[in-house]
2 protein chains.
Amino acid sequence: MAKKKTTKKKTKKKIVVNKSKKTKTRVVDKKRDAETIKKIEKLAGNVVKSSLAQKEPNFSIPTRSVSNMKYNKKKRILEMGDATQTRSLFNLGQSRKFMQSLLLSKGCKELIQAEKTLSLRGMYYMGLHTIPGTKEKTFNDQGESDTILEDLEVALDGLREELHVFAKKRGTMVGNITVVDNGDEINCRKMGTGGYAIPSICEPNIMQFKECTADFILHVEKDTVWSRFNEDRFWETHNCILTEGSGQPPRGVRRMLHRMHKELKLPVYCLLDCDPWGHYIYSVIKQGSINLAFESERMAIPDAKFMGIRSKDYERLDLSDDVKIELNDRDINRAKQIAAYPWFEGKREWQREIKTMLNNGFKMEVESLITKDISYVTEEYVPTRLQEGDFLD
Amino acid sequence: MAKKKTTKKKTKKKIVVNKSKKTKTRVVDKKRDAETIKKIEKLAGNVVKSSLAQKEPNFSIPTRSVSNMKYNKKKRILEMGDATQTRSLFNLGQSRKFMQSLLLSKGCKELIQAEKTLSLRGMYYMGLHTIPGTKEKTFNDQGESDTILEDLEVALDGLREELHVFAKKRGTMVGNITVVDNGDEINCRKMGTGGYAIPSICEPNIMQFKECTADFILHVEKDTVWSRFNEDRFWETHNCILTEGSGQPPRGVRRMLHRMHKELKLPVYCLLDCDPWGHYIYSVIKQGSINLAFESERMAIPDAKFMGIRSKDYERLDLSDDVKIELNDRDINRAKQIAAYPWFEGKREWQREIKTMLNNGFKMEVESLITKDISYVTEEYVPTRLQEGDFLD
């Protein structure tokens, strides 16, 4: 008990809120924030105008359904078509979404003005309330508010990050680059075994590239594989940047990869599993995702290359049967769907890759190369692929 | 096509494996590694001895079942009892595990000698093969090899990290501390919005604490909440270290918290959800987990405090009904189980906490405080709890 008291006392004494010390806050892009606010005000202004003119208030939002997505062959990215949907206040099927959209627009404006950011979950709580005189809640669950936020991104033609909203943070980075994150210089050559955690928001006001001596980016699927490459100092011996996205990379990682690729002219090589999930991750990195097609321009990397694991590796590398993981029905259906994607459809090499996998009847993970040697993947597999330039495009 | 070629060419030219540059590798604790190898050799040596003496080879492993766990009231941690299990080669029910144990011991020895580490999945692949002349695989799935690795930890009385095996990496850190990770100095005051990714292995050979001016550690459940605290520079205004474990903190984060608490004498305050999952996370941080009870001594923090969210907060903070998330049957059962844990059983305050939650009929998340204000949690909630010293023990 004595100990407990001491701790309490010590804590009480020590807790000094030194607000004067608070010298650094979030780096704010005032110009961009002002533009975003202007867009939100325009959306709201039109609603006000209609109301005053005794017309039905409404606004239109580009349609985010699959039918309104198209693959732009020239740009090699997924894009949205021109179809739009109207959201009217007096339409029973639309009024709920109409009100939710305005509610979250208001929330975003407040966020931007407060110079703060919030998670998707946070936005849900921020907008959540019971409508006075009813038992009706503004949102039934977070899914509803997430959808509306995506609508808003499109309607306002602003990245979610510009609305100051962020998704879950995942993924780490090391390598021959120094970045400036919110004013802090981070030398990714000196990040130990843990690495630099890639932020949710990697927009230019927060994140700048200071010095980069790397020749390329190696993006791997899993943190455990990343640890193998970091421990073997692959980024040092091969002069590159090493990233991972813990599976399907979150927006922060995709945006980071995109910016490094565009601004620093670095090729991006992806080391992913030989299974439909790995192929899908590649597809999203390269062409964009169907759900977020309106962001492809700022997220997709059409020049990204798929390094492997390849379905021919089983024979090419003389792997043992132990690496085989049987494809289940879901895998097989998924593989066929992916092969039919318009950006894979015309590519002979990808068609062959998926066909070979289906004929093999099994998938393979990057980690399975450990059956050859602990460091086979860093010392043989990737160096050989890089030397031979043998990638899927 | 022209572009594609250029990229390839460029890559080919640039890929220079400069092995001479490879000046830094993993910091090795030769003494500890030698001790671990000695333990492995002893285990194997006894098997050889029995075999040569024409006796049945076997070894014994401490029993990891719930029945062999006990709560040490003095140390306030979960510990293993003295019960052991024998693994004999000629016992049909034990021979498979007997062979798997030796196989993975061999793998760990190779890892240590190679001065490398490997993930749990990696260990599975490393030991995976088909026994010649049969169709029998050494492991049916990773679950089997994970279990054996936990057995080995106990049998060899070495942390998994000492066997050079690591689990998934999750969790980030910022604050008033400088650590040295594999020789790299990492100033956690200058980690931007992303933060320092806490490594899977935080043992003293890899990780040292260089300079710490913080008064305490605030550990939060989720990365999104962590981002709120980091953006508001809470660690700066309140002179602390800010960590998150993305839910149930992985071993790396637990070990890091434990070491900072022990070696730097920092109190640990946990900001978790008011639900059985939050309570369980607290229980694991404080007393250890049932599954890994043999590691409590090096992982558990019996002095950790539960800061909230508290079930009385709904009334105390005058929260709106919108923060309520109804308890389901699973939650209710889980809450009753947790209330019966021996370390909560005798604590009146915890009994009241769980009872109030059950009476309320709802749970609450940390994020729900956003219904009051975006920064209510950083500017009001946590500072007030710290000032009042109002925690659950």
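Okay, so let's start where the two chains meet: 76 residues of chain B are in contact with 76 residues of chain A. Keep in mind that this is a predicted model.

Which elements bring chain B to that contact? If you count those giving two or more residues to the side that touches chain A, you get α1 (2-14), β5 (118-119), α4 (120-127), β9 (184-187), β10 (196-197), α6 (223-231), α7 (234-237) and α15 (376-388) of chain B. The one that gives the most is α1(B), with six residues. And what kinds of residue are on that side of chain B? By class, there are 23 nonpolar, 26 polar and 27 charged ones.

Now, how do the two copies sit relative to each other? You can lay chain B on chain A with a turn of 180 degrees and a shift of 0.0 Å along the axis, and the RMSD comes out at 0.0 Å. The copies are thus related as by a two-fold rotation axis. The interface tells a matching story: 99% of the interface residues of chain B are also interface residues in chain A, so the copies meet through the same surface.

Let's go inside chain A. The domain assignment splits chain A into domain 1, residues 30-166, and domain 2, residues 172-388. Taken over C-alpha atoms, the centres of these domains of chain A are 32 Å apart. Where they touch, 17 residues of domain 1 of chain A are in contact with 17 residues of domain 2 of chain A. On the domain 1 side, β2 (69-72), β3 (77-80) and α5 of chain A each supply at least two residues. The largest share of that side is four residues, and it comes from β3(A). As for character, that side of domain 1 of chain A divides into 10 nonpolar residues, one polar and six charged.

We just met α5 of chain A, so let's look at how it packs. Helix α4 (residues 120-127) of chain A and helix α5 (residues 142-155) of chain A cross at an angle of about 105 degrees, with their axes 9 Å apart. That makes α4(A) roughly perpendicular to α5(A). If you want to find the contact on screen, α4(A) brings Leu120(A), Arg121(A), Met123(A), Tyr124(A) and Gly127(A), while α5(A) brings Gln142(A), Ser145(A), Asp146(A) and Leu149(A). Sorted by class, this helix contact has four nonpolar, three polar and two charged residues.

Next, a sheet. In chain A, three strands form an open sheet in the order β9-β8-β11, and the pairing is antiparallel. At the edges are β9 (184-187) and β11 (207-212) of chain A, each pairing on one side only. From one strand to the next, the twist averages 25 degrees. Strand β8 (residues 177-181) of chain A pairs with β11(A) over five bridges. One residue pair to click on here: Val180(A) has Gln208(A) of β11(A) as its bridge partner.

Last stop, chain B. There's an open sheet of three strands here too, in the order β9-β8-β11 of chain B, with antiparallel pairing. The edge strands β9 and β11 (207-212) of chain B have a single partner strand each, so one side of each is left without a neighbour in the sheet. Strand β8 (residues 177-181) of chain B and β11(B) pair over five bridges. And which residue of β11(B) is the bridge partner of Ile177(B)? That's Cys212(B).

Conventions:
Residues numbered from 1 in each chain as written. Chains lettered and ligands numbered in written order. Predicted model: local features only at pLDDT ≥ 70, side-chain atom pairs only at ≥ 80, totals over all residues. Axes fitted to C-alpha atoms, helices over the stretch in contact; angles between N-to-C directions. Parallel < 35°, antiparallel > 145°, perpendicular 65-115°, else oblique. Contact = placed C-beta atoms within 7 Å. Nonpolar A, V, L, I, M, F, W, Y, C, P; charged D, E, K, R; others polar. Domains from an automatic or database assignment. Pairing = 2+ DSSP bridges. Least-squares fit on C-alpha atoms with pLDDT ≥ 70 in both.
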